[in-house]
Amino acid sequence: MAQSKGKRVAEARHVWPREGHDHDSLAWGFAEHLKYSLGVDSYSSTQHDHYLSLAYTIRDRLIHQWIRTQQTHHMQKVKRAYYLSLEFLIGRSMGMNAINLRLDTALQQALESLGYSWDEIREEEVDAGLGNGGLGRLAACFMESLATLDLPAFGYGLRYDYGIFRQAIDHGYQVEHPDDWLRRGNPWEIERPDRAPEVHFGGRVELFSERGRLQAHWVDTETVIGIAYDMPVVGYGGSTVNTLRLWSARAPEEFGFSDFNLGDYMQAVRSKVNAENLTKVLYPNDRLYLGKELRLRQQYFFVACSLWDILRRFKAENLPWDKLPEMAAVQLNDTHPSLAVPELMRVLLDQEGLEWDSAWEITVATLAYTNHTLMPEALEKWPVAMLEALLPRHLQIIYEVNRRFLMRAAVCFPGDIARLQNVSVIEEGAEKQVRMANLAIIGSHSTNGVAELHTRLLQQRVVADFALIFPERFNNKTNGITQRRWLLKANPRLAQLISEAIGEGWITDFAQIEKLKPYAGDAAFLASFGRVKQQAKLDLARYLERLHGWELSSASLFDVQIKRIHQYKRQLLNALGIVVLYNRLRNGDDAAVPRTFLFGGKAAPGYDLAKLMIKFVNNLGAVINNDPVTRGRLKVFFLPNYRVSLAERIFPAADISEQISTAGTEASGTGNMKFMCNGALTLGTLDGANIEIAEQAGRENVFIFGLTADEVSAQRQSYNPWECYQRNPEIRQAIDLISSGFFNVNEPGIFDPLLQSLFQNGDFYMNLADLGPWVEAQEAVSRLYADQNAWNRKAVLNIAASGKFSSDRTIRQYAEEIWHVQPCRVETDVDPAATLQEAQRSNNR
């Protein structure tokens, strides 16, 4: 076998076009990279060598169009969108790049001709986990949609040496391990050492008068160098290839020879270590002062590098500064990049010599801000003392911004000191703080929410006074997902079934998925859909058995909650509900259909209660899965190390999508959309985008339960969890079983903090208030699931109604309503249709 494979690799080295898209050119490219880029042959190469060789082969096909994209944008003097996000949860790139280049069929053929497996090779890729959850995954979807829609854009973020931690489970507890995703290199990136801005920290500000104008010099600073690493982001069809530019921190000098010569070896490398710590890890634990300081340094480093690059590109056009908003639209993804407000002002004032009013007008017109939270405690604040020490000039600018803004606010709220204090950028108190959300709203021309309910509550509750001052700035942009990753790539069987029914138009125009609606009444189509879903469940079950030794019945209902572990997302409600269902089975109730509950998600390392929640779910599984009474009826599993590549296996297999946050706490959610387009039915509260999902699919095709946001607000003061406990026998029985130590026989008292959060601490997220309605909703689930034809009909109706939730639609709205960026078609040498025809002809041969 090895000899025949080696011979085939050798024979592939003919002079085929380096960028050809046919399977012969791809086979040649793979063989060439194996030999000349990696210095191995088919006998000595490893599976990782095969992955790298294939990645370079695909990247070759990207680079020509990548360069052409930048040339076209430059020549046509386009306005660009710049998306600033401290998180990009990219996942794996190989499969997505192959699909969007329309190379997947030809690649499979090329590898098969050489004796390799496409599926096995792409499993070698490590997830790029440069984000914590939904925020970073949204940013990645947006970048792909920008390219697919031919919108000129750059993404900016940080190239963390270590991404979000790798989660292991030890005796039920989360254990964090470093995610050394760059250990074996990243074939998708290209280092740009010529893009190396200097970023300054600390020092002091000298004020002086020059030509009658007060000038500021920021001096005696500590310097860090930013190094750009570029990753191509290709749109579907391969026409536009935009850039995701990630910054890595370096010291100005690798080595201090003077310190070394004096014998102080540690000091000789200290500046290098301190500088490179900036981008060492995603989001350090900020419970300690040093962690907070490092996080603030990260944010400024990221903003300063990105704005330097944006302004460098603008200055190359030799345009006056008032044209900047006509050439650049900078979107701040949450408050993390909000230091862009004082940084852009600093550059315009101190380096370019503009007057304050002109600089402010340009800054506001250039920047836009997306809010992602409804919880006031989640809105970022930084101690004034810390900003003064690290960024003294920026603090001066922030104070002046605030002074001028409060003069305007005083006109809106004459004599209302409380309101002026509320909108002030500076929060007074024992420790003065800078409110970054206030700064972002004041310093940008647009503030958008990410779901209709979120935007309404933002304007009515969270920042209501700002909505009165700047009513024209507030708008909604409901989040979306790219159907190309989350349906076409993640669920190829379902994608093929859909395309056979309604054509392939939905791949780039997801509104066309509505054409599937009539097929909800087609018995043959419903039967085919049922087989596709069953196979996806079987695939996941086999994967988990191979990985963990678990036994999952694909005949059971897969009830899934996968998201970051947090109290407001209410994994606790789900777990309490499972205990109620478990008690029913122990009491002889056979009404429920067999269920497998799947949990997944990571808890922040410093979030003790969330980590205890993971332990509780694992203990539930340990008891329930081994109880003879529930065998074949109920199982519970916590899937370790939830990540993008694992999510791509889970979404196609899910029957129920648990979206059960307390109403009025979840900004939007995007997992709910991924479940929906894969044919899972939503079991959820009227929170975030669940409301719009219910509107699109029809309330009769989802399972909505629980208090509304207005009811939560109205009952907040009078709510008493003890009343729920006393009034509902099933709740009482479940709580008593947990309190008795039934699920922690050898670990007495470990779940007391969870129980205290429900009772002594008042059950802030109203788990017990919604527990009874959750159980009732699960009863409705059982009744429907017993009729598989009716279930599949509703699942297909959900898919047909998911068109609104494409990130293509979201990005089109950003481009038209906020950025005013126009599509720019980039010519391509390769005709994707011809490529597909060639692949089909090769397959026929």
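**Close-up views of a predicted model**

**View 1. Helices H32 and H33 are roughly perpendicular to each other.** The model shown here and in the other views is predicted. H32 spans residues 767-785 and H33 spans residues 788-800. The helices pack at an angle of about 110°, and angles of 65 to 115 degrees count as roughly perpendicular. Their axes lie 7 Å apart. From H32, Val781, Leu784 and Tyr785 take part in the contact. They meet Gln788, Ala790, Trp791 and Lys794 of H33. By class, the residues of this contact are 5 nonpolar, 1 polar and 1 charged.

**View 2. The largest nonpolar core holds 142 residues.** Leu54, Phe301, Leu387, Val434, Phe466 and Trp819 touch the most other members. Helix H10 (residues 289-315) supplies the largest share of this core, with 11 residues. Another core, of 128 residues, lies apart from it. Ala541, Leu557, Ile578 and Val702 are among the members of that second core. In soluble globular proteins, nonpolar side chains tend to be buried together.

**View 3. Surroundings of Leu387.** Neighbours within four places in sequence are left aside here. Leu387 then contacts Leu296, Leu339, Trp382, Pro392, Leu395, Ile398 and Val434.

**View 4. An open sheet of 6 strands, with parallel pairing.** The strand order is E22-E21-E20-E23-E24-E25. E22 (634-639) and E25 (703-704) stand at the edges. Each has a single partner strand, so one side of each lacks a neighbour in the sheet. E25 pairs with E24 (residues 681-684) in the parallel sense, over 2 bridges. Gly684 stands opposite Ile704 in E25. Helix H23 (residues 571-586) packs on the sheet. H23 touches E20 (557-562), E21 (595-600), E22 and E23 (656-659). The direction of H23 makes about 160° with that of E21.

**View 5. The buried residues of helix H18 (residues 452-462).** Leu453, His454, Thr455, Leu457 and Leu458 are buried. The buried residues of H18 pack against two strands, E18 (447-449) and E19 (474-476). They also pack against helices H19 (464-469), H27 (690-697) and H28 (709-715).

**View 6. Positive phi at Arg102 and at Asp220.** Most residues other than glycine have a negative phi. Arg102, not a glycine, has a positive phi of about 60°. Arg102 sits in the loop between helix H4 (94-100) and helix H5 (104-114). Asp220, also not a glycine, has a positive phi of about 55°. Its loop runs between strand E10 (213-219) and strand E11 (222-234). Asp220 counts as exposed because its relative accessibility is 55%, and the cut-off for exposed is over 50%.

Notes. Residues are numbered from 1 along each chain as its sequence is written. This is a predicted model: local features need pLDDT of at least 70, side-chain atom pairs count only at pLDDT 80 or more; totals for chains, interfaces and linings use all residues. Side-chain values use heavy atoms; hydrogens and water are left out. A nonpolar core is a set of buried Ala, Val, Leu, Ile, Met, Phe, Trp, Tyr and Cys residues joined through side-chain atoms within 4.5 Å. Buried means under 20% relative accessible area, exposed over 50%, partly exposed in between (1.4 Å probe, protein chains only). Helices (H or I, at least four residues) and strands (E, at least two) are DSSP runs, numbered from the N terminus. Contact means heavy atoms within 4.5 Å. Two strands pair if DSSP finds at least two bridges between them. Axes are lines fitted to C-alpha atoms, for helices over the stretch in contact, and angles run from 0 to 180 degrees between N-to-C directions. Angles under 35 degrees count as roughly parallel, over 145 as roughly antiparallel, 65 to 115 as roughly perpendicular and the rest as oblique. Ala, Val, Leu, Ile, Met, Phe, Trp, Tyr, Cys and Pro count as nonpolar, Asp, Glu, Lys and Arg as charged, and the others, Gly among them, as polar.
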